[in-house]
Amino acid sequence: MSHILYRKNDNIVEWQWLRSSTDGQFVNDGTVTFTLYSGYSLVSTTGALTTPAGAVNAIVYGPADMDYVSGSDGKYQGKLPSTVDLDLALEYTIEINATADGHVARRSIPVTVVDRVT
């Protein structure tokens, strides 16, 4: 499943329900960042990153901080600003990294870029 980013718009990147792997409690005090990459995608069955022939792995934006949403259960949000130049022809991946109490969590999300239609 791919998430959608809207070209020339601010986009919110979110991790909802971040939990501790040891006790299952929500993590509300973690350090969470996201990075937007072009040129690779995640193979969901193996967790391996693949690069299409001729593509260059490039950081498009980030790492950028994601803030805890006050009063939520483990919800973090960051903003990908509208000034980031997104190309409709490229494949992108958002990688989110979280650390808390000596634990590390990572999520890679394939994204599709589209133009917003009114």
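Two strands count as paired here if DSSP finds at least two bridges between them. With that in mind, open the model, which is a predicted one, and colour the chain by pLDDT. The mean over the protein chain is 87, and 83% of the residues reach 70 or more. Among the elements, strand β4 (residues 41-42) has the lowest mean pLDDT, 58, and β7 has the highest, 98.

**The sheet**

Show the strands as a cartoon. Seven of them make an open sheet with mixed pairing, in the order β1-β9-β8-β3-β6-β7-β2. At its edges are β1 (3-6) and β2 (11-15), each of which pairs on one side only. From one strand to the next the twist averages 30°.

**First edge: β1**

Select β1 together with β9 (residues 103-114). The two strands run parallel and are joined by 4 bridges. Tyr-6 has Val-114 of β9 as its bridge partner.

Now select Leu-5 and display its surroundings. Leaving aside residues up to four places away in sequence, Leu-5 touches Asn-11, Leu-36, Leu-80, Leu-86, Ile-94, Val-111, Thr-112, Val-113 and Val-114.

**Other edge: β2**

Move to β2 and add β7. These strands run antiparallel, with 5 bridges between them. Glu-14 is found opposite Gln-77 of β7. Turn on the side chains of β2 to see them alternate: Asn-11, Val-13 and Trp-15 point to one face and are buried, while Ile-12 and Glu-14 point to the other face and are not buried.

**Inside the sheet: β8**

Select β8 next. Of its 9 residues, 7 are buried, so the strand is largely enclosed by the rest of the structure. Add β3 on one side: β3 and β8 are antiparallel and share 8 bridges. Tyr-37 has Thr-93 in β8 as its bridge partner.

Then add β9, which is joined to β8 by 9 bridges, also in an antiparallel arrangement. Thr-93 appears again, standing opposite Pro-110 in β9. Follow the chain from β8 into β9 and there is a hairpin with 2 residues between the strands. In that turn, Asp-101 has a positive phi of about 50°.

**The core**

Which residues have the most contacts inside the largest nonpolar core? Select Leu-5, Phe-34, Leu-36, Met-66, Leu-86, Ile-94 and Ile-96 to show them; the core has 22 residues. Elements giving two or more residues to this core are β2, β3 (31-38), β6 (58-68), β7 (76-80), β8 (92-100) and β9. The largest contribution is that of β8, with 5 residues.

**An aromatic pair**

The count of aromatic pairs comes to 2. For one of them, select Phe-34 and Tyr-61. Their ring centres are 6.0 Å apart and their planes lie at 35°, so the pair is tilted. Phe-34 belongs to strand β3 and Tyr-61 to strand β6, so the pair ties together parts that are 27 residues apart in sequence.

Is each ring's residue buried or partly exposed? Phe-34 has a relative accessibility of 1% and counts as buried, because the cut-off for buried is under 20%. Tyr-61 is partly exposed, with a relative accessible area of 26%.

**Last stop: Leu-90**

Finish in the loop between β7 and β8, where Leu-90 has its place. Leu-90 is partly exposed, at 43% relative accessible area. Add Thr-112 and draw the C-alpha to C-alpha distance: Leu-90 and Thr-112 are 8.5 Å apart in space and 22 residues apart in sequence.

Key. Residues numbered from 1 in each chain as written. Predicted model: local features only at pLDDT ≥ 70, side-chain atom pairs only at ≥ 80, totals over all residues. Heavy atoms only, no water. Axes fitted to C-alpha atoms, helices over the stretch in contact; angles between N-to-C directions. Core = buried A, V, L, I, M, F, W, Y, C linked by side-chain atoms within 4.5 Å. Buried < 20%, exposed > 50% of the residue type's maximum accessible area, 1.4 Å probe, protein only. Contact = heavy atoms within 4.5 Å. pLDDT = per-residue confidence, 0-100. Phe/Tyr/Trp six-rings, centres within 6.5 Å; stacked < 30°, edge-to-face > 60°.
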